[in-house]
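Me: I have a structure open here and would like to talk it through before I go back to the bench. Could you walk me through it?

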Amino acid sequence: MSRVILFVVNEKGRCSMLINNTNREHTTWGEDQLEASKDFGEIVDMIMPGIPAEADEAEADRIAGLVVRRILRRLGRENAGTGNEQDAVICQGDFTLVYRVVTRLKEAGVTVVAPSFQRVTKPTLRPDGTTVPGYSFRFERYRQY
């Protein structure tokens, strides 16, 4: 598998920090994703919060604001023109929350990426001859939003 990295890198050939803003700590990732993540430098887990199904748009905006402020603070970008422009954020979770977070991070000049996975189907044959669908996901690459 070939990898294409499309990120601004420092003199050591890597980003300074990759913030993992998803619902899974990076210690649960597979070897392929961990290897690809080395191109970013230090990985920092900042778990994406859940958003209640009954939450309205105003609540989603409020939560997104909290998430973005926390990320920008960690990146040292509370003020425009500060922080390291070589950092990146992985963002995955509730679709409407991710949209709000990604939009605000990009407006702040932060590189935001999502991992891309290949779905691998593995049906299981039962003793009675029926099959149970099963699948796993194999990491392929990161893509920028």
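Reply: What follows is a short conversation about this model, which is a predicted one.

Me: Fine, start with the overview. How many helices and strands does the protein have?
Reply: The secondary structure comes to 3 helices and 7 strands, and along the sequence these follow the pattern β-α-β-α-β-α-β-β-β-β. The protein has 145 residues, of which buried residues make up 36%. Among the contacts with a separation of 6 or more, 64% are between residues 24 or more positions apart.

Me: And the sheet, what order do the strands come in?
Reply: It is an open sheet of 5 strands, in the order S2-S1-S3-S4-S7, and the pairing is mixed. Strand S2 (42-45) and strand S7 (135-144) are the edge strands, each of them pairing on one side only. From one strand to the next, the twist averages 30 degrees.

Me: Mixed how? Which pairs run parallel or antiparallel?
Reply: S1 and S3 pair in the parallel sense over 4 bridges, and S3 and S4 also pair in the parallel sense, over 3 bridges. S4, which covers residues 111-121, runs antiparallel to S7, and 9 bridges join these two strands.

Me: Can you give me some residues I can click on?
Reply: Between S1 and S3, Leu-18 stands opposite Ala-88, and Ala-88 in turn has Thr-111 in S4 as a bridge partner. Between S4 and S7, Pro-115 has Tyr-142 as its bridge partner, while Phe-117 stands opposite Phe-139.

Me: What packs on the sheet?
Reply: Helix H2 (residues 57-75) packs on it, touching strand S1 (17-21), S2 and strand S3 (88-91), and the direction of H2 makes about 160 degrees with that of S1. Helix H3 (residues 95-107) lies across S1, S3 and S4, and runs at about 170 degrees to S3.

Me: Back to S3, then. Which way do its side chains point?
Reply: Ala-88 and Ile-90 point one way from S3, whereas Val-89 and Cys-91 point the other way, and all of these residues are buried.

Me: What about Asp-87, just before that, is it buried or exposed?
Reply: Asp-87 is found in the loop between H2 and S3, and it counts as buried because its relative accessibility is 4%, which is under the 20% cut-off.

Me: So what does an acidic residue like that have around it?
Reply: Leaving aside neighbours within four places in sequence, Asp-87 is in contact with Ser-16, Met-17, Leu-75 and Thr-111. For Met-17 there is a further detail, namely that its backbone nitrogen lies 3.0 Å from a polar atom of the Asp-87 side chain.

Me: Changing topic: where is Ser-116, and is it buried or exposed?
Reply: Ser-116 is in strand S4, and it counts as buried because its relative accessible area is 13%, under the 20% cut-off.

Me: Which residues does Ser-116 touch?
Reply: Not counting residues up to four places away in sequence, Ser-116 touches Arg-138, Phe-139, Glu-140, Arg-141 and Arg-143. With Arg-143 there is also a polar contact of 2.9 Å, which joins the two side chains.

Me: And how far is Ser-116 from Gln-33?
Reply: In space they are 9.7 Å apart, C-alpha to C-alpha, although 83 residues separate them in sequence.

Me: I keep seeing rings in this region. How many aromatic pairs are there?
Reply: The structure holds 4 aromatic pairs. One of them is Tyr-135 with Phe-137, an edge-to-face pair at 5.4 Å centre to centre with 80 degrees between the planes. There is also an aromatic cluster, formed by Phe-40, Phe-117, Phe-139 and Tyr-142, and this includes the Phe-117 and Phe-139 that stand opposite each other across S4 and S7.

Me: Last one, what lies over the face of Tyr-135?
Reply: That is Arg-119, which lies over the ring face at 4.0 Å from the ring centre. Tyr-135 is thus a residue to look at twice, once for Arg-119 over its face and once for its edge-to-face pair with Phe-137.

Key:
Residues numbered from 1 in each chain as written. Predicted model: local features only at pLDDT ≥ 70, side-chain atom pairs only at ≥ 80, totals over all residues. Heavy atoms only, no water. Phe/Tyr/Trp six-rings, centres within 6.5 Å; stacked < 30°, edge-to-face > 60°. Lys NZ or Arg CZ within 6 Å of the ring centre and 35° of its normal. Pairing = 2+ DSSP bridges. Axes fitted to C-alpha atoms, helices over the stretch in contact; angles between N-to-C directions. Contact = heavy atoms within 4.5 Å. Buried < 20%, exposed > 50% of the residue type's maximum accessible area, 1.4 Å probe, protein only. Polar contact = N/O pair within 3.5 Å; in protein donor to acceptor, adjacent residues only side chain to side chain.
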